[in-house]
Amino acid sequence: MGTVYALANQKGGVGKTTTAVNLAACVAEAGYDTLLVDIDPQANATIALGIAKDAPRTVYDVLIGDATLDEVVMPTTIERLSLAPAGPDLAGATVELPRTSGSEVRLREALGDVRDKYAFTLLDCPPSLGPLTVNALVAADRVIVPVQAEYFALEGLAGLLDTLSLVQRDLNPRLTVAGMLLTMYDGRTKLSQQVVSEVREHFGDRVFETVIPRTTKLAEAPSFGKPIMYYDAYSPATAAYELLAQELLKRIQI
């Protein structure tokens with residue numbers, strides 16, 4: 001059975017989608033069948049893989065019961081990497097899901113039919129702790145928490161960890177934190193160095209050793225519909241995400 005990871009942080013702009021797309025690409029490149037599920041109405045992960053956000057069927061159709069996940073999943077240009085796309089219609093799910101009893105398990109039930117096909121399934125969550133993120137946390141085995149290496153890095157983490165505890169207690173006892181990932185690191189500044197030190201001091205071995213640097217190429221890649229490794233193979237960010245994939249594989253002993 002494959003492992004399902006949610007990438008979650010209610011704080012926006014921390015590199016969550018960038019990490020979801022690039023980690024998925026690196027794991028697929030390493031030879032593992034991988035599924036990226038975009039559950040953010042902004043559809044940034046979908047666009048970052050070169051797919052328009054006007055797919056005839058999206059994760060929204062899965063969540064409201066009009067389609068199975070298999071019917072929504074599409075191939076990408078990257079071998080072994082598939083995508084369940086998002087679209088603006090997902091915004092409606094944030095209103096519709098709370099009105100339905102048991103709606104928090106919709107994504108978990110949908111994944112039940114397909115998770116054995118993929119060694120890794122990555123769920124790219126919206127920057128909130130609303131019903132879409134809760135669906136992802138209920139469906140996931142583990143959570144990766146991107147943390148920006150800038151001021152206010154720890155802001156909101158307490159709320160996220162509280163939410164994780166509630167989901168563990170009431171809905172998904174198998175859920176664990178795979179690790180916190182420091183992103184947007186600028187080694188030239190004392191601030192970035194201090195944030196890294198502070199996060200590691202607070203969370204110890206729950207923090208990935210890999211740190212993702214801030215680079216212009218990494219910011220440009222989504223506009224070309226490519227993960228960084230296919231946009232600039234020699235970028236420091238490419239090396240960082242490859243190291244993160246190796247660290248992830250080592251942690252689950254594949």
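The following exercises, each with a worked solution, concern a predicted model of a protein chain.

**Exercise 1. Confidence of the model**

State the mean pLDDT of the protein chain, and identify where confidence is lowest and where it is highest.

Solution. Begin with the chain average: the mean pLDDT is 91, and 99% of the residues score at least 70. Next, turn to the individual elements. Helix α9 has the lowest confidence, with a mean of 86. Strand β2, residues 34-38, has the highest, at 98.

**Exercise 2. Order of the sheet**

Determine the order of the strands in the open sheet and name the edge strands.

Solution. The sheet has eight strands, and its order is β3-β4-β2-β5-β1-β6-β7-β8. The pairing within this sheet is mixed. An edge strand pairs on one side only, and this applies to β3 (74-75) and to β8.

**Exercise 3. Strand β2 and its partners**

Describe how β2 pairs with β4 and with β5, and establish whether the residues of β2 are buried or exposed.

Solution. First, consider β4 (residues 81-84): four bridges link this strand to β2 in the parallel sense. One position in this register is T34, which lies opposite L81. Second, consider β5 (residues 120-124), which is also parallel to β2 and is joined to it by five bridges. Here D38 faces D124.

Third, examine the side chains. In a regular strand, side chains alternate between the two faces of the sheet. In β2, T34, L36 and D38 point one way, while L35 and V37 point the other way. Residues on both sides are buried, so that five of the five residues of β2 are covered under the criterion of under 20% relative accessible area.

**Exercise 4. Two crossover units**

Trace the path from β6 through β7 to β8, giving the pairing and the handedness of each unit.

Solution. Step one: β6 (residues 142-148) and β7 (residues 176-185) are parallel and share seven bridges. Within this pair, Q148 is opposite T183. Helix α8 (residues 157-170) completes a β-α-β unit with these two strands, and the unit is right-handed.

Step two: β7 runs parallel to β8 (residues 207-213), with three bridges between them. Y185 of β7 has P213 as its bridge partner. With helix α9 (residues 190-203), β7 and β8 form a right-handed β-α-β unit.

**Exercise 5. Geometry and burial of helix α1**

Compare the expected span of α1 with the distance between its end C-alpha atoms, and state how many of its residues are buried.

Solution. Helix α1 comprises 14 residues, 16-29. At 1.5 Å a residue, the expected span is 20 Å, and the end C-alpha atoms are 20 Å apart; the two values therefore agree. As to burial, 12 of the 14 residues are buried, among them K16, N22, L23 and V27. Just after the helix, G31 adopts a positive phi of about 105°.

**Exercise 6. The nonpolar cores**

Identify which residues touch the most other members of the largest nonpolar core, and which helix supplies the largest share of it.

Solution. The general expectation is that nonpolar side chains in soluble globular proteins tend to be buried together. In this model the largest core has 53 residues, and L69 and L123 touch the most other members. Helix α7 (residues 131-139) contributes the largest share, six residues. A second core, separate from this one, has 37 residues, including A25, L218, A237 and A245.

The surroundings of L69 can then be listed. Setting aside neighbours within four places in sequence, L69 is in contact with L35, V62, A84, A110, L111 and V114.

Finally, return to α7. Eight of its nine residues are buried, so the helix is largely enclosed by the rest of the structure. The buried residues include L132, V134, L137 and V138.

**Exercise 7. Positive phi outside glycine**

Locate A43 and M184, give the phi of each, and classify their exposure.

Solution. A43 has a phi near 60°, a positive value in a residue other than glycine. A43 belongs to the loop between β2 and α2 (44-48). Its relative accessibility is 0%, and A43 therefore counts as buried.

M184, which is likewise not a glycine, has a positive phi near 55°. M184 is located in strand β7. With a relative accessible area of 21%, M184 is partly exposed, because the buried class requires under 20%.

Key:
Residues numbered from 1 in each chain as written. Predicted model: local features only at pLDDT ≥ 70, side-chain atom pairs only at ≥ 80, totals over all residues. Heavy atoms only, no water. Pairing = 2+ DSSP bridges. Right-handed = clockwise from strand over helix to strand, strands pointing away. Expected span 1.5 Å × (residues − 1). Buried < 20%, exposed > 50% of the residue type's maximum accessible area, 1.4 Å probe, protein only. Core = buried A, V, L, I, M, F, W, Y, C linked by side-chain atoms within 4.5 Å. Contact = heavy atoms within 4.5 Å. pLDDT = per-residue confidence, 0-100.
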